[in-house]
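Colleague: I'd like a close look at a single part here, one helix, and then how the rest connects to that picture. Could you walk me through it?

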Amino acid sequence: MAMDSGADGQSHKAHRSRHSGASAKKKTKAKNKDQNSDQKQQNPKAFAFRSNAKAKRLQSRAVEKEQRRLHLPVIDRSYGELPPFVVVVQGPPQVGKSLLIKTLVKHYTKHNLPDVRGPITIVSGKQRRLQFVECPNDINGMIDAAKFADLALLLIDGSYGFEMETFEFLNILQVHGFPKVMGVLTHLDKFKDVKKLKKTKQRLKHRFWTEIYDGAKLFYLSGLIHGKYPKREVHNLARFISVMKFPPLSWRTSHPYLLVDRFEDVTPPERVQMNSKCDRNVTLYGYLRGCNLKKGTKVHIAGVGDFSLAGVTGLSDPCPLPSAAKKKGLRDKEKLFYAPMSGLGDLLYDKDAVYININDQFVQYSKVDEMGGTTNKENKRDVGEDLVKSLQAVKSPIDEKLEKTKISLFSHNDRKRRKAIFGDGVDHSNLKSTDEENEGDEDDDSDNDNDEGENDRSNEDNESCSGSEFSDGDEEDLKSEEDDRSNEDNESCSGSEFSDGDKEDLKSEEDGMGNISKWRASLVERASKKQNINLMQLVYGKSASTSNTSTNEVKDDSENEESDEDEFFKPKGQRAKNSIEGLGGGNINTEDCSKSTKISELKNWKEEEVYESIRDRFVTGDWSKGALRNQMSEAKTEEDDIDGDFEDLETGEKYESHQKDDSSNGGIQKEDDDAIEERRLKKLALRAKFDAHYDGSESPEEETDVQNGGKFHRSQANDSGYYDKLKEEIELQKQINIAELDDLDETTRLEIEGFRTGMYLRLEVHDVPFEMIEYFDPCHPILVGGIGLGEENVGYMQTRLKRHRWHKKVLKTRDPIIVSIGWRRYQTTPVYAIEDQNGRHRMLKYTPEHMHCLAMFWGPLAPPKTGVLAVQNLSNNQLCMKPKKSPFEALN
Amino acid sequence: MGKITYKRLKGSQNMRQRLLLATLKSTPVLIEDIHADDTLPGLRPHEISLLRLFEKLTDDCLIEINETGTKLKYKPGIIVGGSHLVHDCGVSRAIGYFLEPLILLGLFARKTLVIILKGITNDSKDPSVDTFRSTTFPLLKRFGVPSEGLKLEIKSRGVSPHGGGEVHLAIPTVQHLTATMWTDEGMVKRIRGEAFTTRVSVQLGNEMIYAARGIFNRLLPDVYIASDYRKRSEAGNSSGYGISLVAETTSGCCISADTTVSYPRGDEEEDIEGEEKKELIPAADVGEKLASVLLEEIEKGGVVDSTHQGLLFLLCALCVNDVSKVRVGKLSPYGIETLREIRDFLDVQFVIKPDPSTGTVILKCWGSGMKNLSRKTT
């Protein structure tokens, strides 16, 4: 007690506030201020609107501002895995672009990059990959880079200030959709005076802001340590990059495009020897971005021209994301990188040869493979693999070894080069010989190694048997067939249908007897599935290649049509027969009638049982039966689409159907169920992500909006009408698409929607001019863009444009300019005009000084509202462009 | 860019879809062997008329026909559209033949299309103009075409052989078509229709209506068939009568059937077929028959009737890059041909799945992402 009281009683020395001096003054000032602000709160009425009119005006202004903030939501139709984001590093020469890429790569992968050439793909996180590209310092390169950049890092020499390159690039970016931009100040160690440094930073920042928007991120790299940027700062920069969101840009979401990270000449060497300037065949590799690529699409190679694709192949991802395991961060093994043009990884590009680098690590790896792994892998091993392994076995000094490992593949067989890909070293399939790679892709998918040879044959079987089946569609019929035969049928059709079932079947075959009853039980199901294919076959003729490769399919069609020319001199009867055999199965001159005009065999609808049979199709009939008609089929066809959100199907019913499947198919279905469950979860997650994304801050402008936060939130709550509905609709459509497409098997899906975004594709293009090979520069990235419907046509276009304020002279009519629209750049001669009050277009000899004018020029058409940029001259030292966005309209 | 590569095709089959798709996608086409083996080789009058119509609507298009008319070179231009257009469709095919491609062409034109079409309004071969109004326009609305702009007025009716009908058509432009999921066929809730008579007694129309109602009455009370009696200038140049019926379902699908009875045309074409002038089918039989045809269409199921399958597939294929899913009854030959042409021109394939429980077919496709390139922006 006493102790306690003692403790209480012991008083600490009280704080004695100052009554005079500087700090006392400060305090009183602050106090006064506080009180003032308090007063504001206490009497809000004092600051309300006095006049009705003013209140109205302010309110309407607020509403207007709110409306202006809203943008039509852009629909993102990429449902596949996200391709790596492209980070373009741009800046004037000697500002440290390559160094930045090198340090970033080092930061992510712990590898030293000798040389930055071409795009460098790295896995930066569990869900994210990045592709670093250095922007070349010429206008063409900058224009191309602006078209594929997801994020532009603008490097600025802090000690010097802004240079023209930065602003040029910014202007180009603005015209071509304006991706995310981040400034990076370097060379800050040149400042000795801290105050001056601070001032400069401020100044540059504000200048940067005026160019982009207030609050745009400008990053500072303070200087070099051991010739590298400081680790901590690079780490921070990487963090900034990793949290960045990339809003979809409208041009890019509607056009497929590839940033080529691997490029090869596959012209037969004889042809090149005969004529070194002959047209070449090339292959281009890259991740597909934007939207899905269909086989028939034409592509534009920037700076080269339009080409039709001779072949498209989906390859296995050279730089895959780590498998989804529940752990934090990336393992070292998963920190992959892929940069064939830089010599990182295993391929080194020279002007006329490609070299393979094999690291010790991989030598180790393949030895292990030799000892243990290959029991159930293919027994016949590739010659190439053997060669490589024999090389490893050689015990010789390193320099010799190195010499030997530099195999110049060009001299043997140029197709072989494709084989030995890169550095992940995880893929077995990559070690196969190239000649098989086309088919091999297919096996990559199905993981079936031994049906390679059978492929063709089994396809044929599929056709023949399905033909017979369609005629009666009977189980009995199939049973009576020879076991082997039916097995093969099974295999072939399942091969085209689902890979899982396929595997299962094969396994059971290998076991010996095989579980015949099992497959027999599922025959009915399969028969019905086959029937679907048959209906498609009936309409579209024989299904084309079932493989992943789509080479020349379109071409074949046209060839068939063209080859009819040869038949010109055949006897008449024969020709008729031919045409009957063809798709149409009849006269090519049949009359064009949408109405089927056979009224002859009509039922007698007066009879009672006849009209009672369709009673349920009328509202006077049984409603439940009528409803069942829709529902049953819906549940049947949309089995897979479980969507808690937008479709209220009876889950009970669906469950039943799954149960049935389970009993018939056993374990296979279980996997399916898992997959379905997973898909459902993914969908929900996606939905949540979507909501979060669009409700939260989505655009940088909003950061500035935070100041008037209260008002902003209130208004958003109010206006949640049309805009939200629109967003919901888009989301719904997306979910529907995913659900419907997931229903299909891989092959049909490929036919229907084309190659999905995020796939690593190999495009084969024939007859490109030899200059593309001759002047190929890995530092100058190649952009391949898909051409939309109707965009390959040429015609006159009308654009609105304005002379750029930094361009010194006005422009003259019919002076050639270089225009960049969409993917293209081309030179053309514009005619300038201005629209008079009476709606007439008056030709102008010179562009106005500070006004928009119309420009008419001839060229490949582009859809309306595409950004246009024109440059008068490509030389580097002067800025001479006059970009302005322009609503666009094709004249004719 | 200088050389034009033509897509080579043979025969006059599917001329309409081919020309339409070629124009929309602006692919030059070269069609050979057009009626090459006939005694009268070459393009038929209605095909030439169709080409003229395309020429009228587009700018900078190039049509070359060889001497015999068996070979056609067509380089499409830009679809302009516009108002105050007049086109004489001739009397070899009905206006319905021209309307089908015209509607799609109009949607992707630069300016709103307002056109006067003259010729045969009702025919047994082609869907009648009444059907277009009652069934085709609601179908277009499903794909995001604004309903205000769609208009079809029948100023005067004309039947074969001499035609003389006139319709005013207005079609709005769209930026793109929206995809649709349309598998719910619903139940028939009402039947509407129109029976017309030109230069014959109004009594015939009433007979048709009476007969058709006789069939429907057992199934549905809500049947209303209007009669349209035309005379003098509104009745065209020949006499005839016909009926068009539409069944509307609870889910908004329209299923139609129509027919027309008139004297066959006395052209040389018909002479070859050796068709002599015969008595017309009695009106009561026509009504009864057509009612049966409509019931048969309803029995087949699907969200559209067999006549509109081709148009439905075209619309689906021209949608934005989304999945469309539709249900139709048995695939009609015309529908199948259209599917093939779509595959060849637009590179769009449909997934076709039969639905055995109802005997219908479900088709799915991924739209080609067609956009109106020529539309004015400001």
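**Helix H7 of chain A, and beyond**

Modeller: Let's start with the length of helix H7 (residues 194-211) of chain A: at 1.5 Å a residue its 18 residues should span 26 Å, and the end C-alpha atoms are indeed 26 Å apart, so the two values agree. Bear in mind that this is a predicted model.

Now for which way the helix faces. The buried residues of H7(A) are A:Leu197, A:Thr200, A:Leu204, A:Lys205, A:Phe208, A:Trp209 and A:Glu211. They cover an arc of only 165° around the axis, which means they sit on the same side of H7(A). The spacing fits a simple rule: an α-helix has 3.6 residues a turn, so residues three or four places apart point the same way. The other side of H7(A) has the exposed residues A:Lys195, A:Lys196, A:Lys198, A:Lys199, A:Arg203 and A:Thr210.

What does the buried side lean on? Those residues pack against four elements of chain A: strand E4 (151-157), helix H6 (164-175), strand E5 (180-186) and strand E6 (218-220). As for the start of H7(A), a side-chain oxygen of A:Asp193 comes to within 3.1 Å of the backbone nitrogen of A:Lys195.

For a second helix in chain A, take H29(A). Its 22 residues should span 32 Å at 1.5 Å a residue, and the end C-alpha atoms are 32 Å apart, so that one agrees too. Here 16 of the 22 residues are buried, so H29(A) is largely enclosed by the rest of the structure.

H29(A) also brings us to the partner chain. In all, 89 residues of chain A are in contact with 98 residues of chain B. The two chains bury about 8600 Å² between them, with 55% of that on carbon and sulfur atoms. A:Tyr540, A:Asp592 and A:Leu789 supply 10% of the area that chain A buries against chain B, more than any other three residues.

On the polar side, the rule finds three salt bridges across the interface of chain A and chain B. B:Lys364 forms a salt bridge with A:Asp743, with the closest N and O atoms 3.7 Å apart. The count of residue pairs in polar contact between the chains is 19, both residues being at pLDDT 80 or more. Several elements of chain A each supply at least two residues of the side that touches chain B, among them helix H20 (523-540), helix H24 (623-637) and helix H29 (722-743). The largest share of that side, nine residues, comes from H24(A).

A few loop residues are worth a stop as well. A:His780 is in the loop between helix H31 (771-774) and strand E16 (782-786) of chain A, and at 23% relative accessibility it counts as partly exposed. Leaving out residues up to four places away in sequence, A:His780 touches A:Pro136, A:Asp138, A:Asn140, A:Gly141 and A:Asp144.

Then there are two positive phi values on residues that aren't glycine. A:Gln94 has a phi of about 65°; A:Gln94 lies in the loop between strand E1 (85-90) and helix H4 (97-109) of chain A and is exposed, at 71% relative accessible area. B:Asp33 has a phi of about 55° and lies in the loop between strand E2 (29-32) and helix H2 (45-57) of chain B, but B:Asp33 counts as buried, at 16% relative accessibility.

Last one: a cis peptide bond joins B:Ser160 and B:Pro161, with omega about 5°. B:Pro161 is in the loop between strand E9 (151-156) and strand E10 (165-171) of chain B.

Methods:
Residues numbered from 1 in each chain as written. Chains lettered and ligands numbered in written order. Predicted model: local features only at pLDDT ≥ 70, side-chain atom pairs only at ≥ 80, totals over all residues. Heavy atoms only, no water. Expected span 1.5 Å × (residues − 1). Buried < 20%, exposed > 50% of the residue type's maximum accessible area, 1.4 Å probe, protein only. Arc of directions from axis to C-beta. Contact = heavy atoms within 4.5 Å. Polar contact = N/O pair within 3.5 Å; in protein donor to acceptor, adjacent residues only side chain to side chain. Buried area = accessible area lost by both parts, 1.4 Å probe. Salt bridge = Lys/Arg side-chain N within 4 Å of Asp/Glu carboxyl O.
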